[in-house]
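Let's take a friendly walk through this chain, one element at a time. Have the sequence and the 3D view open as you read.

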Amino acid sequence: MSEEELLVTRVQSRSSGVPGRSLNTARNHHFVIDEPAYTGGPGEEITPAEAFLAGVSGCGVLLVEAFARHWGMPLRLVEVDIEGVRHPETPQEFQRVDMRFRLHGVNEDDARRLVERYQGRCPLYRALATATQVNIEIEALPGQKP
């Protein structure tokens, strides 16, 4: 496969002049990521771990919606909660990650199918699941309006 055919994601991060704060750019979007307060950083903005987990759960929402559209499923709303658990002595390692999917408008079988497809497709989820235990709970809410 040639370099032109690959999917490339670029982000630039740089120091801000404030200790523990980085300035980041993805395409034309600019955002701040802080070192957590418990390690001496400002802790006012999102942390690297929060940004990573938001990427994992955001990928879940977007891919589940896309697959539901593609398969003609009546999905109305996707909610994903994610929680990463780390030990203070080894904060570089997630001990486990818990995810809860709530899918409004589809039955349990379709909800499971959508989440399984996400698990096989999202590169962030796959990297996380390779590194640690990921527990997934799926709640299908076929008749409830969000």
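In what order do the elements of the chain run from the N terminus on? They run β-β-β-α-β-β-α-α-β.

## Before we start

This is a predicted model, in which local features need pLDDT of at least 70 and side-chain atom pairs count only at pLDDT 80 or more, while totals for chains, interfaces and linings use all residues. Residues are numbered from 1 along each chain as its sequence is written, and side-chain values use heavy atoms, with hydrogens and water left out.

## The overall picture

The secondary structure of the chain comes to three helices and six strands. Here helices (H or I, at least four residues) and strands (E, at least two) are DSSP runs, numbered from the N terminus. Along its principal axes, the C-alpha trace spans about 50 × 40 × 30 Å.

## The sheet of S1, S2 and S3

Three strands make an open sheet in the order S1-S2-S3, and the pairing is antiparallel. Two strands count as paired if DSSP finds at least two bridges between them. The edges are strand S1 (12–15) and S3, each of which pairs on one side only. From one strand to the next, the twist averages 25°. Angles such as this run from 0 to 180 degrees between N-to-C directions, and axes are lines fitted to C-alpha atoms, for helices over the stretch in contact.

Strand S2 (residues 21–26) and strand S3 (residues 29–34) run antiparallel and are joined by six bridges. To find the register on your screen, start with Arg 21, whose bridge partner in S3 is Asp 34. Next comes Ser 22, which has Ile 33 as its bridge partner in S3. The hairpin of S2 and S3 has two residues between the strands, and Arg 27 in this hairpin takes a positive phi near 55°.

## The sheet of S4, S5 and S6

Another open sheet of three strands has the order S4-S5-S6, this one with mixed pairing. S4 and S6 are the edge strands, each pairing on one side only. The twist here averages 15° from one strand to the next.

Which way do strand S4 (residues 77–87) and strand S5 (residues 90–104) run, parallel or antiparallel? They run antiparallel, with eleven bridges joining them, and form a hairpin with two residues between them. One pair to look for is Glu 83 with its bridge partner in S5, Asp 98. S5 and strand S6 (residues 133–141), in turn, run parallel and are joined by nine bridges. Phe 101 has Ile 138 as its bridge partner in S6.

## Helices across the sheet

Two helices are worth finding next. H1 lies across S4 and S5, running at about 150° to S4. H3 lies across S5 and S6, at about 130° to S6.

The axes of helix H1 (residues 48–71) and helix H3 (residues 123–131) come within 8 Å and cross at roughly 115°. Which residues make the contact? H1 brings Phe 52, Gly 55 and Val 56, and H3 brings Leu 124, Tyr 125 and Leu 128, where contact means heavy atoms within 4.5 Å. These residues divide into five nonpolar, one polar and no charged. In this count Ala, Val, Leu, Ile, Met, Phe, Trp, Tyr, Cys and Pro are nonpolar, Asp, Glu, Lys and Arg are charged, and the others, Gly among them, are polar.

## The largest pocket

The largest pocket has a volume of about 300 Å³. A pocket is an open set of points on a 1 Å grid over the protein atoms alone, where a 1.4 Å probe fits, with protein on both sides within 12 Å along at least five of seven lines; lining residues have an atom within 4 Å of a point. Grid points are joined across faces, edges and corners, and the volume is the space filled by probe spheres set on the points.

Which element gives the most to the lining? H1 does, with five residues, and H1 and H3 each supply at least two. The lining includes Phe 52, Gly 55 and Leu 124, which also take part in the contact of H1 with H3. Other lining residues include Leu 7, Thr 9, Cys 59 and Arg 121. The lining divides into seven nonpolar, two polar and one charged.
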